[in-house]
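Trainee: Please take one part of this complex and go through it closely, then work outward to the rest. I would like to know what can be read from the model and where caution is needed.

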Amino acid sequence: MSEPGVQASALFIDLGARVARTLARLREARGVTVGCSARRAVWSHGKTTLYEYLPLAGVPARPGTRPLLVCFALVNRPYILDLQPDTSLVRRLLGSGRSVYLVDWGNPDEGDRLEELNDYLEQGLGGCVRHILAKHRTAALDLLGVCQGGVLSLCYSALHPDQVASLITLTTPVDFQTPDDLLSKWVREVDTGLLARIGNVPGELLNALFLSLMPFRLMQQKYVRLLTGSADRRAVEDFVRMERWIFDSPPQAAAALTQFVRWFYQENRLMRGTLELGGRLVDLKAVRQPLLNLYASGDHIVPPAACEAMGRYVGSRDYTACAIDTGHIGMYVSRKAREEIPQRIISWLEARPVGRSRRRRRPA
Amino acid sequence: MTQSAFGIPPGESGEAFTAAAARFFDLLKAFAAQPQPTPGQPPDWTSFAATLAGQFEQWLRAAPAAGAAFAAATGFPAGAFPGAVPIGPAAASAAPGEGTWELLMKLGQLQAQLTQHWSEIASSAAQRFMERLRAAGPTDLTPDNALALYETWVECAEEAYAASVRTAEFSRLQAQLTNTAMALLLAQRRQAEALARAWGLPTREEADALQRQIRELRQQLEERAAGSPAAAAAPRPKRKGPAKPARAVGPRARRRGARRGRR
């Protein structure tokens, strides 16, 4: 065994070299781009834009499939689902020959501070749905809701059951007060009266909230782990793309955020069956569409129990729940995201072609 | 480029990485500086634990939890609040700034409570780490060991953090910090609005009122455009003004009206 002092010196020299290499790679990766699939804006309302992804070259349209609309959360950017070719859920869905659309909520500004959840639901999501249905001349589409977008999708499916043939939810909470929900504990006593009056909440603030759920892992360890992995250009570029997404959060419209905090986190209305949007009761029992509920077993933002509750409250007879062995972000970009999740979604949808799901949606 | 609440500019991973690497090096330096244990005796980690806890607490203070981040993000570092000093005649007046000093004091007290939590978390994390080191026995400082050591440290830190921040007391503190910061922001806005009114400038309140009117009008337009049954069935508010856009009323118009009446 060598002298401890010599060992320590060698270690610091080695680590110093690794830091320098990684730093150089990080600087090189500054110009990385995010979003890889070709798309075009086909409809918009206010800040909301509906994108249609262009079919992949050489992939024929699959007959007997419905258009698929992806509804992401208001609190993050949707390009995480199409961050780069090898992890793009969008690309995998396009590869199955489906028409894929995405709702992008845009950047609310002070002119949108009075926008309510019902506006996002009926004018935003509803407008997108109606546009797609008209374009495809079909009565119903498949809806894929992600995180908070899954909550909106559940509400929409309950209120407009005829327009949604089948529903897929990713990391979507239904019970907002499970014991392991730290976010819920922290916002339980926030004064929503004040929250509504202060105006839009900056995205940086929500980021701070999410990062402070596990600060050492999310603000320290992930950077140091760069030293242990290979500092090759591709790995570092992947990392930088993720970083960009994490720190690129849109501001939140005051009224909608206040309603979300009060009605969902503080009063747990969705689960209790007391949620009203636009004067109509959102009854989860009215969600009778085939429903695939995918959630992460190691999720620190939306605990598995919050998602598992869905099965107890929806009216669907064709309900499948599946825990994926990863974390919240891992659902979008991990190896599981590359392989297991798209595969599960595609095979589940393929098992429910147009004719079949319509019959199931309206059981005798 | 906007700055995140934790001082990490979005997209600037390099700086965040360098900062994290520096803290990692600090940990290793403190570890390497430990005196070699006497043969046959367990190593004494007391000074290492103290160094770790100190570094850790410093970091926690710099990277505040959400409630404190809210206070910072809304522009309320202690002492930064502009307003009239509530002494003399101002003390008795119901000026817009009334109550802001109390709120500032409250914010200071809450931040002090938060600091106490950070100290407890830091010391508990160091304690947990020492216990793991003792259980693992003497360790050489090789690159692999160094990284394993760091992983253990993060695990201990997260455990200590979770044990504290999941308590009802901490959750209440977070909410109080957020609520106080919001109340301060609104108090500041009231002062700014009073100034704006004095200068004849439009205020946020007025902009909000206009926005509400535009919203209502837009809704009515959309309902009419859609010809929704709800819109048709909804009782129309009684008009206070003219039912139609005002028309020119003059002798000629009156004569036209009279002719129509005769027909």
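Mentor: A residue is called buried here if 20 or more other C-beta atoms lie within 10 Å of its own, exposed if 12 or fewer, and partly exposed in between. The part I take is helix H9 of chain A, and everything that follows refers to a predicted model.

In H9(A), the buried residues are A:Val236, A:Phe239, A:Val240, A:Arg241, A:Met242, A:Glu243, A:Arg244, A:Trp245 and A:Ile246. Charged side chains are thus on the list beside nonpolar ones, with A:Arg241, A:Glu243 and A:Arg244 among them. The geometry of the helix is regular in length: at 1.5 Å a residue, its 14 residues should span 20 Å, and the end C-alpha atoms are 20 Å apart, so the two agree. As background, an α-helix has 3.6 residues a turn, so residues three or four places apart point the same way.

H9(A) also has a part in the contact between the chains. That contact takes 50 residues from chain A and 51 residues from chain B. On the side of chain A that touches chain B, the elements giving two or more residues are helix H1 (4-28), helix H5 (182-187), helix H6 (192-198), helix H7 (203-211), helix H8 (215-228) and helix H9 (233-246) of chain A. H1(A) gives the most to that side, with 11 residues. By class, the side of chain A that touches chain B is made up of 30 nonpolar, 8 polar and 12 charged residues. For the complex, the predictor reports an ipTM of 0.87 and a pTM of 0.84.

One residue of another contributing helix can be placed in more detail. A:Asn207 lies in helix H7 of chain A. It has 25 other C-beta atoms within 10 Å and so counts as buried. A:Gly149 is 58 residues away from A:Asn207 along the chain, and their C-alpha atoms are separated by 17 Å.

Now the wider setting in chain A, which has 17 helices and 10 strands. Of its 364 residues, 52% count as buried. A compact globule with 364 residues would have a radius of gyration near 21 Å, and chain A has 22 Å, which agrees. Along its principal axes the C-alpha trace spans about 80 × 55 × 40 Å. Among contacts in chain A with a separation of 6 or more, 80% are between residues 24 or more positions apart.

The largest nonpolar core has 162 residues, and those with the most contacts inside it are A:Leu69, A:Val70, A:Cys71, A:Tyr101, A:Val103 and A:Cys155. Helix H5 (residues 100-136) of chain B gives the most to this core, with 11 residues. Leaving aside residues up to four places away in sequence, A:Leu69 touches A:Tyr101, A:Val103, A:Cys128, A:Val129, A:Ile132, A:Leu141, A:Leu143 and A:Leu144.

Two loop residues of chain A deserve a check of their backbone. A:Arg137 has a positive phi of about 50° although it is not a glycine, and its place is in the loop between helix H3 (117-136) and strand S5 (141-146). With 6 C-beta neighbours inside 10 Å, A:Arg137 counts as exposed. A:Asn268, also not a glycine, has a positive phi near 50° and sits in the loop between helix H10 (254-266) and helix H11 (269-272). It has 19 other C-beta atoms within 10 Å, so it is partly exposed.

Chain B is built of 10 helices and 0 strands. Of its 263 residues, 27% count as buried. Its average pLDDT is 73, and 65% of the residues score at least 70. Confidence in this chain is highest in H7(B), at a mean of 92, and lowest in helix H4 (residues 89-92), at 44. H7(B), residues 168-198, should span 45 Å at 1.5 Å a residue for its 31 residues, and its end C-alpha atoms are 45 Å apart, in agreement. After H7(B) comes B:Gly200, whose phi is positive, near 70°.

The caution you asked about concerns two stretches of chain B. Over residues 1-11 pLDDT stays under 50, and the model has 32 contacts beyond four places in sequence for them. Over residues 234-251 pLDDT also stays under 50, with 2 such contacts in the model. Where pLDDT is low, the predicted coordinates should not be read in detail.

Terms used
Residues are numbered from 1 along each chain as its sequence is written. Chains are lettered from A and ligands numbered from 1 in the order in which they are written. Two residues are in contact if their C-beta atoms, placed from the backbone, lie within 7 Å. Helices (H or I, at least four residues) and strands (E, at least two) are DSSP runs, numbered from the N terminus. A nonpolar core is a set of buried Ala, Val, Leu, Ile, Met, Phe, Trp, Tyr and Cys residues joined through C-beta atoms within 7 Å. The radius of gyration is taken over C-alpha atoms; the globule rule is 2.2 Å times the number of residues to the power 0.38. The expected span of a helix is 1.5 Å times one less than its number of residues. pLDDT is the predictor's confidence in each residue, from 0 to 100.
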